[in-house]
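Visitor: I should be grateful for a close look at the cysteines of this chain, with attention to how they are paired and where they lie.

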Amino acid sequence: MPLIKLLFSSLLLQWNVGTSQQVVEDKLNSQQEVAAELSCIRRDFDHSSFVCVCNASYCDTLPRPSVPPVGYFDVYSSDRKAKRFSKLRGHFTEEWDGFEGESLIAEFRLETSLTYQTILGWGGAVTDAAAFNILSLSAHAQERLLRSYFADEGIEYNLVRINMGGCDFSWRKYTYVDTEGDVDLNTFALQPEDLDYKIPVIQRAKAISSHPLKVYASPWTAPPWMKTNGDYSGYGKLRDDMYQPWAEYFVRFLDSYAANNVSIWGLTAQNEPRNGYVPGFYFNCMGWTAEQQRKWIAENLGPTLEANGYGDVALMIMDDQRLDLPEWAETVLNDTLAARYVDGIAIHWYMDMYFEADLLTKTHDLYPDYFLLGTEACEGNGQFKEPIKLGSWERLETYAHDIIEDMNHWVTGWTDWNIALDTGGGPNWSENFVDSPIIVNKTSDEFYKNPTFYAMGHFSKFVKEGAVRLAMTSKDPQGLETTAFQNPDGSKIIVILNRSEKTVDVKIKVENKRLPVTIGPRSLHSVIFR
């Protein structure tokens with residue numbers, strides 16, 4: 001469809017939806033809607049919501065929000081039916097003006113003097129697969145996709161995770177030293193996946209971003225000849241006599257990326273270390289217990305990084321599910337030799353629904369000097385899930401719910417998994433296909449922004465690196481989920497998720513002022529004010 005028709009269709013659809021929802025919109029307390037700079041061109045794929053379509057000539061954008069004048073607030077809203085970052089302005093009141101109608105009412109208090117963790121940031125993974133998909137588009141479409149994530153008019157990611165060597169989201173199995181028995185690492189070499197795909201994408205992202213990117217790397221497996229099972233996957237661990245060569249491997253990796261103008265901010269010691277102790281595990285893995293990781297960090301990895309000038313690289317332990325907390329942290333960090341080399345604890349989201357978030361708080365309370373960072377999450381994983389659900393609003397809700405829950409339990413940031421996958425959820429050599437916030441259709445040279453893209457943006461666009469979380473309390477939140485922050489520039493951000501089908505009128509007390517806002521059904525909001 002020609003661009004002019006797509007634009008006309010989008011505008012007509014927005015007018016129709018806006019007319020049918022006029023009753024709800026009238027309740028927004030004299031707030032005045034402001035049009036987006038470039039609006040979403042929507043497309044439906046028969047799921048609960050829609051995607052926004054981008055191509056070489058057009059993509060929706062959101063200019064960097066300016067903080068409204070004192071006494072006013074801006075609300076950026078996305079919802080299941082029609083909105084993506086729709087902006088409305090409202091004003092604080094001395095007393096409650098009241099709401100009309102029969103909506104639920106939820107009252108909150110923002111405690112601006114009660115602060116918690118400092119935010120490291122938000123981002124996603126530039127895996128082999130993600131880089132491959134981005135570069136499969138035409139040059140202009142590539143640029144629009146990367147700008148969607150990293151530019152001032154995009155959602156402004158500042159965290160980038162990469163795989164050190166092959167992972168499941170590679171199209172083949174490999175490491176950097178697949179030469180049998182090369183203990184001295186003489187044949188260590190970055191691969192085409194690095195030199196032709198990931199590094200060029202990262203360099204372009206750096207050039208696009210107006211702030212530094214924190215790039216961190218995770219290994220999935222050592223070379224098979226270093227392992228007890230001689231394989232990339234399956235049940236196996238690092239051989240005891242390979243602890244030092246494996247530590248040297250990390251240094252070679254850091255040196256090689258630095259030589260290609262990519263500085264590595266952080267490392268995780270191992271991606272999902274429990275996987276390697278699962279018999280027959282089906283993609284790249286290597287088993288570690290907490291005791292083994294403690295010994296290797298204390299005696300090999302930590303001293304080797306420090307001796308080679310990488311002592312300031314942020315080292316994270318675990319990089320696995322929250323079910324291992326706080327025990328994994330206790331095992332490693334109660335050893336003073338290991339603890340001196342560790343900066344943080346990396347967490348994946350895949351079993352969060354089964355294990356309480358209080359495990360995060362317990363871990364923070366035990367080790368307040370070590371940050372907690374969400375390092376992997378995706379939808380569509382598991383044999384009973386459909387890998388790709390273009391336009392799924394439920395997947396936005398699971399993202400936003402998990403982020404809010406993590407933030408309210410001391411986590412300092414949240415990293416999505418692949419930033420771009422193809423329409424089948426790959427490529428992935430082990431056929432472990434999943435969903436992504438951006439799905440690339442290289443045949444038509446376009447890409448689709450799933451609702452999860454906007455879930456990430458409601459945090460990454462508004463809550464900046466260096467922000468601190470603020471206390472947000474309510475006796476009866478009416479099912480709403482909230483979290484709040486103060487940015488380094490003094491602006492305040494409140495994120496509100498409504499997973500119900502009901503409209504909720506919200507009253508937020510901020511010091512001696514009142515902030516009134518109506519939260520529609522199945523919606524996500526970012527509120528900004530000074």
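**The cysteines of the chain**

Guide: In this predicted model, cysteine 167 is buried, its relative accessible area being 0%. Cysteine 167 takes part in no disulfide, and the nearest cysteine sulfur, which belongs to cysteine 378, lies 12 Å away. Since a disulfide requires two cysteine sulfur atoms within 2.5 Å, that separation of 12 Å leaves cysteine 167 unpaired. Cysteine 378 is likewise in no disulfide, its nearest cysteine sulfur being that of cysteine 167 at 12 Å. Cysteine 378 is also buried, with a relative accessible area of 2%.

Turning to the bonded cysteines, a search of the whole structure yields 2 disulfides. One of them connects cysteine 40 with cysteine 52, with an S to S distance of 2.0 Å. This pair links distant parts of the chain, 12 residues apart: cysteine 40 sits in the loop between strand E1 (32–34) and strand E2 (42–44), while cysteine 52 belongs to strand E3 (residues 50–55). The torsion about their S-S bond is about -105°, so the disulfide of cysteine 40 and cysteine 52 is left-handed. Cysteine 40 is buried at a relative accessible area of 9%, and cysteine 52 is buried at 0%.

The other disulfide is formed by cysteine 54 and cysteine 59, whose sulfur atoms are 2.1 Å apart. The link between cysteine 54 and cysteine 59 is right-handed, with 60° about the S-S bond, and both of these cysteines are buried. When bonded cysteines are counted along the chain, the disulfides follow the pattern 1-2, 3-4.

How values were computed. Residues are numbered from 1 along each chain as its sequence is written. This is a predicted model: local features need pLDDT of at least 70, side-chain atom pairs count only at pLDDT 80 or more; totals for chains, interfaces and linings use all residues. Side-chain values use heavy atoms; hydrogens and water are left out. Helices (H or I, at least four residues) and strands (E, at least two) are DSSP runs, numbered from the N terminus. Buried means under 20% relative accessible area, exposed over 50%, partly exposed in between (1.4 Å probe, protein chains only).
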